[in-house]
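Here is a short briefing on one protein chain and its ligand. Please keep the sequence and the 3D view open as you read.

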Amino acid sequence: MAKPKVASDWLAGCAGCHMSLLDIDERIAQLVELVDLRATPITDLKEPDKDGVTVGILEGGINNTYNEEVAKKMRSRCKILVALGDCAVFGGVPAMRNFFTLEDSLNRAYIETPSTDASGKVPSSPELAVPTRVRAIHEVVPVDVFIPGCPPDADIIFFALSELAQGRIPKLEHKNLMWN
Ligand code: SF4
């Protein structure tokens, strides 16, 4: 039987959730026995297969129009969508930007920080994605599995992916989320 295909991508986050996935260490060999790892930020393929994947995983919140496109494409190409980490589950750290105006946030990031030189300016180009309010993944597309944590523990990620690979929706009960 063909192995289930798994794809992932990262949006408005820090890449820490994918680093936690890599923290499963040698168990990644067990995982690739169970699944066909397709497009991810840590493989060469950059888009989920056009004919679809079984599991799509998104890290990070939705911060701009490009993030929206990526999330919608992943949703349309996967059977089960996983929101990985606090940013994906409820907006997390990037959603702190929602307490400020976009103009204030951009000025702070590109002009006012101590590390920015006096000629700092906010980038502007029609090619750049348009910033939006920061949203959790489920505010833009339906999500099937939520894995909270910042980042989620590697053991939890391994458990969830192993369950998904064997056709089961992982039960992330309180006792599971207490793993360390
Ligand atoms: S949940 Fe934490 S580790 Fe994951 S992307 Fe967000 S800030 Fe980074």
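Which residues of the largest nonpolar core touch the most other members? They are Ile 57, Val 82, Ile 147, Leu 161 and Leu 164, out of 22 residues in that core. Keep in mind that this is a predicted model.

**Nonpolar cores**

- H1, S3, S5, strand S7 (145-147) and helix H6 (154-165) each give the largest core at least two residues.
- H6 makes the largest contribution to this core, with eight residues.
- A second core is separate and holds 16 residues, among them Ala 7, Leu 11, Ile 137 and Val 141.
- Setting aside residues up to four places away in sequence, Val 82 touches Val 55, Gly 56, Ile 57, Leu 58, Val 145, Ile 147 and Leu 164.

**Ligand shell**

- The ligand is surrounded by Gly 13, Cys 14, Gly 16, Cys 17, Glu 59, Gly 85, Asp 86, Cys 87, Gly 149, Cys 150 and Pro 151.
- Helix H1 (16-22) and helix H4 (86-90) are the elements that give two or more residues to this shell.
- By type, the shell residues split into five nonpolar, four polar and two charged.

**Cys 17**

- Cys 17, one of the residues around the ligand, sits in helix H1.
- Is Cys 17 buried or exposed? Cys 17 counts as buried because its relative accessible area is 11%, and the cut-off for buried is under 20%.
- Beyond its neighbours within four places in sequence, Cys 17 contacts Glu 59, Leu 84, Gly 85, Pro 151, Pro 152 and Ile 157.
- Of these contacts, Glu 59, Gly 85 and Pro 151 also belong to the residues around the ligand.
- Cys 17 and Asp 86 are 69 residues apart along the chain, and their C-alpha atoms are separated by 9.2 Å.

**Helix H3**

- Helix H3 covers residues 65-77, which is 13 residues.
- At 1.5 Å a residue, H3 should span 18 Å; its end C-alpha atoms lie 19 Å apart, so the two values agree.
- At the start of H3, a side-chain oxygen of Asn 64 comes within 3.0 Å of the backbone nitrogen of Tyr 66.
- Which residues of H3 are buried? They are Asn 67, Glu 68, Val 70, Ala 71, Met 74, Arg 75 and Arg 77.
- The cover over these buried residues includes five strands: S1 (5-10), S3 (53-59), S4 (62-64), S5 (78-84) and S6 (131-135).
- S3 and S5, which help cover H3, also supply residues to the largest core.

Note on methods:
Residues are numbered from 1 along each chain as its sequence is written. This is a predicted model: local features need pLDDT of at least 70, side-chain atom pairs count only at pLDDT 80 or more; totals for chains, interfaces and linings use all residues. Side-chain values use heavy atoms; hydrogens and water are left out. A residue is near a molecule or strand if one of its heavy atoms lies within 4 Å of it. Helices (H or I, at least four residues) and strands (E, at least two) are DSSP runs, numbered from the N terminus. Ala, Val, Leu, Ile, Met, Phe, Trp, Tyr, Cys and Pro count as nonpolar, Asp, Glu, Lys and Arg as charged, and the others, Gly among them, as polar. The expected span of a helix is 1.5 Å times one less than its number of residues. Buried means under 20% relative accessible area, exposed over 50%, partly exposed in between (1.4 Å probe, protein chains only). Contact means heavy atoms within 4.5 Å. A polar contact is a pair of N or O atoms within 3.5 Å; within protein, one must be able to donate a hydrogen and the other to accept it, and residues adjacent in sequence count only if both atoms are side-chain atoms. A nonpolar core is a set of buried Ala, Val, Leu, Ile, Met, Phe, Trp, Tyr and Cys residues joined through side-chain atoms within 4.5 Å.
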